[in-house]
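Colleague: I would like to learn how to read a model of this kind. Could we go through it feature by feature?

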Amino acid sequence: MKAGDNVLQLDDREIRARLGTLRAQLEALRAALHTDRVLHADAADQLTRAEKLARDRVISDEEKKRREFAVQLAETRVGKTEADIAAMDAQLRQVQTELDI
């Protein structure tokens with residue numbers, strides 16, 4: 001052995017596997033976010049239509065209210081998925097740091 005040679009090399013296979021799993025989960029969350037945004041856009045479109053139909057008395061105020069709740073639910077889902085992505089990204093950075101040490 002000479003100066004600068006590694007005396008010990010840690011087995012990082014477990015950390016690399018965890019990193020791969022987190023990356024896959026992050027991609028799944030990004031796909032879910034896209035779906036949530038599409039569902040939100042659809043709910044918002046349906047609400048716009050329902051508001052016009054309610055003004056014309058074609059649908060009940062109760063039906064319009066259900067569409068409003070659908071938009072709120074979709075907004076909440078988008079927010080939750082965004083928060084899940086942020087948390088997963090933080091975990092990914094932490095594991096990457098462990099691997100870099």
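Modeller: What follows takes the overall form, then the helices, then single residues. Keep in mind that this is a predicted model.

Colleague: How many helices and strands does the secondary structure come to?

Modeller: The protein has two helices and zero strands.

Colleague: What radius of gyration does the protein have, and what would a compact globule of 101 residues have?

Modeller: The general idea is to set the computed value beside the one for a globule. A compact globule of 101 residues would be near 13 Å, but this protein comes to 24 Å. The spans of the C-alpha trace along the principal axes can be read alongside that: about 90 × 15 × 15 Å.

Colleague: What share of the residues count as buried?

Modeller: Of the 101 residues, 21% are buried. The protein exposes about 7,800 Å², and carbon and sulfur atoms supply 53% of that area.

Colleague: How many positive and negative side chains are there, and how far apart do the centres of the two sets lie?

Modeller: There are 18 positive and 20 negative side chains, with the two centres 3 Å apart.

Colleague: Now the helices. What end-to-end distance should the 40 residues of α2 span?

Modeller: The expected span uses 1.5 Å times one less than the number of residues. For α2, residues 61-100, that gives 58 Å, and the end C-alpha atoms are 58 Å apart, so the two agree. Helix α1 can be read in like manner: its 43 residues reach 63 Å from first C-alpha to last, close to the 63 Å expected.

Colleague: Which residues of α1 are buried, and what covers them?

Modeller: Start with the general pattern. An α-helix has 3.6 residues a turn, so residues three or four places apart point the same way. In α1 the buried residues are L19, L22, L26, L29, L33, D36, A43, L47, A50 and A54. Their cover includes α2.

Colleague: And which residues are buried in α2?

Modeller: They are E63, E68, V71, A74, V78, T81, I85, M88, L92, V95 and L99. Here the cover includes α1, residues 13-55. The buried sets contain charged residue types too: D36 is buried in α1, while E63 and E68 are buried in α2.

Colleague: Among contacts between residues at least 6 apart in sequence, what share join residues at least 24 apart?

Modeller: That share is 80%. For single cases, take R67 and E98, both in helix α2. Leaving aside neighbours within four places in sequence, R67 is in contact with Q46, L47 and A50. Two of these partners, L47 and A50, are among the buried residues of α1. With the neighbours up to four places away again not counted, E98 touches I15 and R18.

Colleague: Are R67 and E98 buried or exposed, or in between?

Modeller: The partly exposed class runs between 20% and 50% relative accessible area. R67 counts as partly exposed because its value is 25%, and E98 does so at 33%.

Colleague: How should I compare distance along the chain with distance in space?

Modeller: Take the two quantities for one pair and put them side by side. E98 and V58 are 40 residues apart in sequence and 61 Å apart in space, C-alpha to C-alpha. R67 and G20 are 47 residues apart along the chain, with 40 Å between their C-alpha atoms. For R55 and R66 the figures are 11 residues and 15 Å.

Colleague: Which residue just after α1 takes a positive phi?

Modeller: Most residues other than glycine have a negative phi. R57, which is not a glycine, has a positive phi of about 60 degrees. R57 is placed in the loop between α1 and α2.

Colleague: Why does R57 count as exposed?

Modeller: The exposed class begins over 50% relative accessible area. R57 is at 68%, so it counts as exposed. D56 is in the loop between α1 and α2 as well, but at 46% D56 counts as partly exposed. R55 lies in helix α1 and is exposed, with a relative accessible area of 62%.

Conventions: Residues numbered from 1 in each chain as written. Predicted model: local features only at pLDDT ≥ 70, side-chain atom pairs only at ≥ 80, totals over all residues. Heavy atoms only, no water. Helix = DSSP H or I, 4+ residues; strand = E, 2+ residues; numbered from the N terminus. Buried < 20%, exposed > 50% of the residue type's maximum accessible area, 1.4 Å probe, protein only. Contact = heavy atoms within 4.5 Å. Rg over C-alpha atoms; globule rule 2.2 N^0.38 Å. Areas by Shrake-Rupley, 256 points an atom, 1.4 Å probe, with all protein chains shown as cover. Lys, Arg positive; Asp, Glu negative; His and termini not counted. Charge placed at Lys NZ, Arg CZ, Asp CG, Glu CD.
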